[in-house]
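Subject: Structure handover

Hi there,

Here is the structure I promised to pass on to you. Have a look at it first, and then read on for what turned up.

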Amino acid sequence: MAEQASMKPVRQTRPMRFADKRRHLVGVDIGGTKIETVLLGPDGSLLKSCRTAARQGNEAVLSDIMTSVRHVTRTLGKYDAFSVGIGIPGQVQPSTGMVRSAVNLGIDRLPLGPVLSHRLDGAVVHVENDVNAAALGAATLLPTECESTSVLINFGTGLAAGVVSDGRIEHGDTGICGEIGHIAVEPHMFPCSCGQHGCLETVASGGAVQRLWPDTDGPAMPELIAQAEHGNHKAQAVLDMVIDAQATAVTIVALCVDPGRILLGGGLLRTGEPMIRRLKTALGRRADGCAFLTAADLGGRITPVPTDQPIGAVGAALSARED
Ligand SMILES: [Zn+2]
């Protein structure tokens, strides 16, 4: 497996905020198709990164994580300590390291933190939900001077948000903080995997767009926009529905959390400016005649995250730092 991990150029070497002063940090971002791993130095600088294909099942996931961690730590000296942070989809309990219902990885239940720590000779292992880890990575890699709270909305296979306040992930009491994809806004519309109908995730997510516009060879969103621009009324109707649901997601986040910056990530963001422009237009339309929303300037808070940086893996690493 080590041979599958390909080293990529180090993209970022300056120290980041929230560095761990004592030890190296390894971050592993586990997606449905790939595992991205980084090594941060004690000053927070990005020293190494690698990527390998993801496999399914508890033992395969554990084995792939071990291989990736060993790959980025093999040049560390005998006395160089490191902690490991994992970002993984599904229901994650950071306090115990338990992962449940990571459906795309074939994981029903896995005590990932304890098992991995044991296999790594007692190393500190912290496990986070992948969107929360990405939110922390984005807030750190894209720092600004002004905001103390930022939110990442992830338009991926599903739809969820991660809230970061003063450099810390907000989990809430039971860990469901940010699960905005399962706010049912159209109770008579599409069924959702959660058991409700009309959840935002059934319209606003990348997975939803693939279902709503299925007859494409590649990503559906660029094709949907192209068809709408060529006068296809059905495409225009679907696109309007998707963008409106995304605007609802942004509005919910803004009015519940009031973040200084709303970061947008996930596979749908590869569509780029044509989608962002339409989303900002939809938000502007909602603010028409509403002094409250106009002053809140939701469109002005939106920042797409770069799709070529290991934001999830860096965030996972930073989630493992010790105070
Ligand atoms: Zn749902």
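Helix 7 is the main contributor to the lining of the second largest pocket, giving four residues. This is a predicted model, so please read everything below in that light. Helix 7 covers residues 233-257, and helix 4 (201-204) likewise supplies at least two residues of that lining. In total, 13 residues line the second largest pocket, and those nearest its centre are Val185, Glu186, Met241, Asp244 and Ala245. Sorted by class, the lining has eight nonpolar, three polar and two charged residues. The volume of this pocket comes to about 170 Å³.

Next, the metal site. Which residues hold the zinc ion? Its protein donors are His182 through ND1 and Cys192, Cys194 and Cys199, each through SG, at 2.0 to 2.3 Å from the ion. Along the sequence, these donor residues follow the spacing H-x9-C-x1-C-x4-C. The angles subtended by the four donor atoms around the zinc ion run from 103 to 127 degrees, so the arrangement is tetrahedral. For comparison, the ideal angle for four tetrahedral donors is 109.5 degrees.

Now to the sheets. One of them is an open sheet of three strands in the order 6-7-8, with antiparallel pairing. Strand 6 (91-93) and strand 8 (107-110) are its edges; each has a single partner strand, which means that one side of each has no neighbour in the sheet. On average, neighbouring strands here are turned by 5 degrees against each other, ignoring direction.

You can follow this sheet from one hairpin to the next:

- Strand 6 and strand 7 are paired antiparallel over three bridges, with Gln93 having Met98 in strand 7 as its bridge partner. The two strands form a hairpin with four residues between them, and Gly97 in the turn shows a positive phi of about 80 degrees.
- Strand 7 (residues 98-102) and strand 8 are also antiparallel, over three bridges. Val99 has Leu110 in strand 8 as its bridge partner, Arg100 has Arg109, and Ala102 stands opposite Ile107. This hairpin, too, has four residues between its strands. In its turn, Gly106 has a positive phi of about 70 degrees.

Another open sheet has five strands, in the order 12-11-10-13-14, and its pairing is mixed. At its edges are strand 12 (168-169) and strand 14 (302-304), each of which pairs on one side only. Which way do strand 10 and strand 13 run, parallel or antiparallel? They run parallel: five bridges join strand 10 (residues 149-155) to strand 13 (residues 261-265). Within that pair, Ile153 stands opposite Leu264 in strand 13.

If you are opening the model for a quick tour, you could begin at the zinc ion with His182 and Cys192 among its donors, then go to Val185 and Glu186, which are among the residues nearest the centre of the second largest pocket. After that, the turns with Gly97 and Gly106 will take you through the sheet of strands 6, 7 and 8.

Happy to hear your thoughts once you have had a look.

Best wishes

Definitions and conventions
Residues are numbered from 1 along each chain as its sequence is written. This is a predicted model: local features need pLDDT of at least 70, side-chain atom pairs count only at pLDDT 80 or more; totals for chains, interfaces and linings use all residues. Side-chain values use heavy atoms; hydrogens and water are left out. On a 1 Å grid over the protein atoms alone, a cavity is a set of points where a 1.4 Å probe fits but cannot get out, and a pocket is an open set with protein on both sides within 12 Å along at least five of seven lines; lining residues have an atom within 4 Å of a point. Grid points are joined across faces, edges and corners, and a volume is the space filled by probe spheres set on the points. Ala, Val, Leu, Ile, Met, Phe, Trp, Tyr, Cys and Pro count as nonpolar, Asp, Glu, Lys and Arg as charged, and the others, Gly among them, as polar. Two strands pair if DSSP finds at least two bridges between them. Axes are lines fitted to C-alpha atoms, for helices over the stretch in contact, and angles run from 0 to 180 degrees between N-to-C directions. Donors are N, O and S atoms within 2.8 Å of the metal (3.2 Å for Na, K and Ca); water is not among the atoms, so sites may look incomplete. Four donors count as tetrahedral if all angles lie between 85 and 135 degrees; four count as square planar and six as octahedral if opposite donors are over 155 degrees apart and all others between 65 and 115; anything else is irregular.
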